[in-house]
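Hi,

Here is the structure I promised to pass on. Have it open while you read, and my notes on it follow below.

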Amino acid sequence: MGKRRDHLRAATACDHQRLDQKFATINMSEDYARCLIATHALRSAIEPWLSAHPLSDEAFRPTFALKELSDDCADLGLSVSGSTFEVPFEPTKENWFGALYVMEGSSVGAPVLMSMARKLGYDGSFGARHLAVQLKARQTWRQFIDIFEEVPGLDISASADTARKLFSIALSHK
């Protein structure tokens, strides 16, 4: 692993552990619904921000799954709308990389969540489309990390602050 990734992993370890514990066991559709609602709150806040503020000097394109996630919520009869959270940061490269650390990093856990979703009867065409998108884009995480480790002049502490803010959005949902 790279030095910056190690730093962000350490800086967000407690938040990441709390999020893992919150959604570690999805045995019922109600558990999965809670996970979808929290994920929707996060993605509906950050995906439009990332789209509006691309890091134009990089060839990297983030993985977006909000449309598929909204369709998944509709499949389960969940009422979701735009995020009630405002993205609390300026369009800097530190914020961009901190946000993508969380968003692209979620693809690492997608296989586990997809396995749980399948046990409940959901798949890439019903109820778990957003996970299918993340599974197809797992290589994007590696591309992101390669760019993240090499970008010059990055204030890693500021990126860690952004990542923690995003974890707090997901953790704030019951």
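Start with D71, which is partly exposed because its relative accessibility is 26%, and the buried class stops at under 20%. The partner of D71 is K67: their side chains meet in a salt bridge, at 2.9 Å from N to O. K67 itself counts as exposed, with a relative accessibility of 58%. Before you trust any of this too far, remember that you're looking at a predicted model.

Where do D71 and K67 lie? Both are in helix α4, which covers residues 66-75, and they are 4 residues apart, about one turn of the helix. That spacing is handy, because an α-helix has 3.6 residues a turn, so residues three or four places apart point the same way.

You'll find a similar story in helix α2 (residues 13-22), where R18 and D15 sit 3 residues apart, again about one turn of the helix. Their side chains form a salt bridge too, with 3.5 Å between N and O. Is each one buried or exposed? R18 is partly exposed at 47% relative accessible area, whereas D15 counts as buried at 14%.

Now for a pair that isn't within one helix. R129 forms a salt bridge with D75, and their closest N and O atoms are 2.4 Å apart. R129 belongs to helix α6 (residues 129-136) and D75 to helix α4, so this pair ties together parts that are 54 residues apart in sequence. D75 is partly exposed, with a relative accessible area of 23%. There is a third member to look for as well: D72, D75 and R129 are linked in a network of salt bridges. Across the whole structure, the search finds 7 salt bridges. If you wonder what is behind such pairs, side chains of opposite charge can pair when their charged atoms come close.

Next, the cysteines. How many disulfides does the structure hold? The count is 0. Take C73 as an example: the nearest cysteine sulfur belongs to C35 and is 9.8 Å away, so C73 is in no disulfide, as that would need the two sulfur atoms within 2.5 Å. C73 is buried, at 0% relative accessibility, while C14 counts as exposed, at 58%.

Then have a look at helix α5, residues 93-119. This helix has 27 residues and reaches 39 Å from its first C-alpha to its last, close to the 39 Å expected at 1.5 Å a residue. Still, α5 bends by about 50° at G109, and a proline, P111, follows within four residues. After α5 comes G121, whose phi is positive, near 95°.

Last stop is the largest pocket, which holds about 810 Å³ of space. Which residues are closest to its centre? They are H16, L19, D20, G105 and S106, out of 30 residues that line the pocket. The elements giving two or more residues to that lining are α1 (3-11), α2, α3 (29-52), α5, α6 and α8 (156-171). Of these, α5 gives the most, with 10 residues. So the bent helix from the previous paragraph turns up again here, because α5 is the one that bends at G109.

Shout if anything is unclear.

Cheers

Conventions. Residues numbered from 1 in each chain as written. Predicted model: local features only at pLDDT ≥ 70, side-chain atom pairs only at ≥ 80, totals over all residues. Heavy atoms only, no water. Salt bridge = Lys/Arg side-chain N within 4 Å of Asp/Glu carboxyl O. Buried < 20%, exposed > 50% of the residue type's maximum accessible area, 1.4 Å probe, protein only. Expected span 1.5 Å × (residues − 1). Bend = angle between axes of the 7 residues up to and from the residue. 1 Å grid on protein atoms, 1.4 Å probe; cavity = no way out; pocket = protein on both sides within 12 Å on 5 of 7 lines; lining within 4 Å. Points joined across faces, edges and corners; volume = space filled by probe spheres on them.
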